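Trainee: Before we talk about any residue, could you show me the model and let me ask how each label is earned?

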Amino acid sequence: MTPPSPPVPKALPSRRHLLENGARFVAGASLAPFWPGGSAAAEAEPKSPHAGKSQRIIVIGGGMAGLTCAHELVERGHDVTVLEASRRTGGHVKTLREGLPDGLDADAGAEHFTRPGYDHYWKYVGKFDLPVLPWKRRRDIYRHIDGGWYTEAQLSDGKVLQRFGFHDREIDYLREHGWTELASLYFDLHTKRFTDEYQPFGVGLDDLDGITLGDWLTKEGASDAAVRFCGGRRTSADKPATRNDVSALFRLWQAAAVRLRGLPNFKREVFHLKGGNQLLPDTFTGLLGDRVRKNSPVKAILHDDHGVKVRYLENGRQAEVLVDQVVLCVSPLLLSTIKVTPAWPKEKAYALANVAMGMQSRVLFQSRTAFWKDDVPSINLETGNSLMSLVYQTAEEVEGESCLLMGSGRPAQSPEETLAAFRQFYPGKAADTIEKVVVHQWWKEEPTCFGCERLPFALGELAKLWPHLITPVGRIHFAGAAFDNLPWGMDAATRSANRVAEQIGGVAKA
Ligand SMILES: Cc1cc2nc3c(=O)[nH]c(=O)nc-3n(C[C@H](O)[C@H](O)[C@H](O)COP(=O)(O)OP(=O)(O)OC[C@H]3O[C@@H](n4cnc5c(N)ncnc54)[C@H](O)[C@@H]3O)c2cc1C
């Protein structure tokens with residue numbers, strides 16, 4: 001199948017107009033000392049970030065956040081250039097087609113977005129009229145728990161719930177609200193106190209950053225089963241709290257943000273773009289045209305009150321540019337590869353160095369038939385096995401004999417061990433018809449896409465990381481999956497990109 005082509009660009013500020021104020025790109029420039037306070041800095045007209053003038057802006061990173069931000073800034077009348085380290089744009093949004101039969105496609109990275117939720121993402125789906133498909137992957141989930149497989153109906157059966165160790169109040173709640181809503185029983189009373197989703201402090205719960213979720217739930221009357229299934233653990237003298245435990249405040253704040261957006265705890269209704277989610281970054285890239293420079297890794301940033309100088313390689317040659325603002329849209333795990341002068345302020349440096357990012361490989365099984373049909377209650381599996389913790393079918397809409405099962409795994413694992421794990425946990429009796437296994441290991445395939453979604457902050461660290469993580473440093477702004485309150489991949493990327501575009505502001509109309 002030919003990938004859907006990006007729509008024809010709609011009107012944007014003219015390139016000629018922007019070139020008049022253009023960023024000064026100096027490929028192969030001499031890198032004589034010039035900063036801070038040197039001649040190049042003095043040359044740059046000091047500009048307030050909110051001066052209402054067209055500004056020269058470099059966006060570093062052409063993933064979902066960088067492209068969204070560049071698009072928004074161009075629409076606001078700025079002269080924007082995206083510097084992308086690799087030879088493709090999209091970052092962790094990448095659709096695989098090569099080597100798949102019958103025109104099948106599969107997203108190696110971000111596979112879905114939800115409704116409700118993902119408001120900014122949906123804004124672009126509407127604006128560019130992108131084709132959307134609903135996806136049943138979160139319906140009728142079949143879960144592997146403590147050695148047994150359970151349908152959703154079984155998980156609202158009082159006898160089953162009692163066997164797991166829930167007490168009566170929890171059982172009543174789960175029977176009424178469903179398995180995925182357990183945390184709400186304990187959280188709802190407290191999440192109501194938050195009024196600003198970007199502000200976790202000052203609602204009388206600040207002390208809860210020092211207590212683990214498990215210990216707090218226990219105090220709230222939760223059973224051991226509830227503590228476990230809410231993702232916490234009770235600490236003890238033998239097993240004291242560690243940095244890996246999540247704090248009660250962190251979890252309550254995250255749940256409050258979900259609630260303030262009017263979203264359910266579990267977002268069951270998910271969607272993807274027909275032909276692959278890469279269609280949106282491809283659309284942005286098409287619209288941005290020669291404002292996007294691929295194969296241009298940024299190596300250094302020098303900044304002061306007057307402007308920002310960015311040093312990068314363009315097709316291997318050293319280059320530099322002096323601009324008014326920079327938007328950093330790369331994973332915090334890669335920021336150490338960019339030398340920043342003067343160094344980040346202490347609080348920012350701590351936040352950037354201590355934010356943890358998760359990494360997952362994409363697993364695909366190409367099968368000759370849908371062998372699971374009439375064999376298991378559902379192929380939407382929650383397996384409890386880290387080699388393929390979720391399993392579901394993708395590209396169902398593509399006609400043809402072959403089928404694709406999808407999941408995600410550890411950052412590094414082999415196709416052989418992945419298939420062996422599947423064959424061990426698969427709950428049906430039918431022999432599978434898997435012909436090919438693909439494990440897309442991001443760190444190998446795309447070394448500049450390193451760390452895809454932010455992990456919970458370490459116990460007791462909330463005030464050290466937030467809001468410093470997202471706060472701009474002078475003329476340098478931060479957008480991306482790591483730089484928003486909720487760490488939901490493309491939602492955080494598009495939302496934070498819009499936040500930064502708002503921060504920078506638009507060009508005042510004459
Ligand atoms: C297996 C998997 C499943 C996922 N599932 C979902 C999902 O279902 N829904 C969802 O919303 N999200 C999901 N995600 C997460 C989502 O893909 C990412 O969070 C999101 O795409 C990150 O976008 P970003 O722009 O912040 O960062 P990135 O995608 O990491 O983009 C950063 C860009 O910066 C470039 N770069 C790095 N260093 C430099 C440098 N020095 N100079 C210039 N450029 C540089 C990189 O090459 C990259 O293109 C998933 C991710 C994976 C891996």
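The talk below goes from backbone geometry to a sheet, the ligand shell and the nonpolar cores.

Mentor: Keep in mind that this is a predicted model, in which local features need pLDDT of at least 70 and side-chain atom pairs count only at pLDDT 80 or more, whereas totals for chains, interfaces and linings use all residues. Residues are numbered from 1 along each chain as its sequence is written.

Trainee: Why is Asp146 called exposed?

Mentor: A residue is buried if 20 or more other C-beta atoms lie within 10 Å of its own, exposed if 12 or fewer, and partly exposed in between, with C-beta atoms placed from the backbone. Asp146 has 9 such neighbours inside 10 Å, so Asp146 counts as exposed. Asp374, with 8 other C-beta atoms within 10 Å, is therefore exposed.

Trainee: What is the phi of Asp146 and of Asp374?

Mentor: Phi of Asp146 is near 45 degrees, and phi of Asp374 is near 65 degrees; most residues other than glycine have a negative phi. Asp146 sits in the loop between strand E8 (142-145) and strand E9 (148-150), while Asp374 belongs to the loop between strand E18 (361-367) and strand E19 (381-382). Those labels are DSSP runs numbered from the N terminus, helices being H or I with at least four residues and strands being E with at least two.

Trainee: What makes Lys436 partly exposed?

Mentor: Lys436 has 16 C-beta neighbours inside 10 Å, a count that falls in between the two limits, so Lys436 is partly exposed. Lys436 lies in strand E22 (residues 434-440), and its C-alpha is 5.9 Å from that of Phe365, although the two residues are 71 apart in sequence.

Trainee: Which peptide bonds before Pro116 and Pro467 are cis?

Mentor: The bond from Arg115 to Pro116 is cis, with omega near 0 degrees, and the bond that joins Trp466 and Pro467 is cis, with omega about 5 degrees. Pro116 lies in the loop between strand E6 (113-114) and helix H4 (119-127).

Trainee: How do you know that E6 pairs with strand E10 (residues 270-273)?

Mentor: Two strands pair if DSSP finds at least two bridges between them. Two bridges join E6 to E10, which run antiparallel, so the two strands count as a pair. In one of these strands, E10, Phe271 is the bridge partner of Phe113. The open sheet has three strands in the order E6-E10-E7, with antiparallel pairing. E6 and strand E7 (132-135) stand at the edges, each with a single partner strand, so one side of each is left without a neighbour in the sheet.

Trainee: How many residues surround the ligand, and which helix gives the largest share?

Mentor: The ligand is surrounded by 42 residues, where a residue is near a molecule if its C-beta atom, placed from the backbone, lies within 6 Å of it. The closest are Gly61, Gly63, Gly91, Gly480 and Gly489. Helix H16 (489-504) supplies the largest share, four residues.

Trainee: What makes a set of residues a nonpolar core?

Mentor: Its members are buried Ala, Val, Leu, Ile, Met, Phe, Trp, Tyr and Cys residues joined through C-beta atoms within 7 Å. The largest nonpolar core here has 97 residues, of which Val59, Ile60, Cys69 and Val327 touch the most other members. Helix H10 (residues 248-260) gives the largest share of this core, eight residues. A second, separate core of 22 residues includes Ala106, Leu364, Val391 and Phe422.
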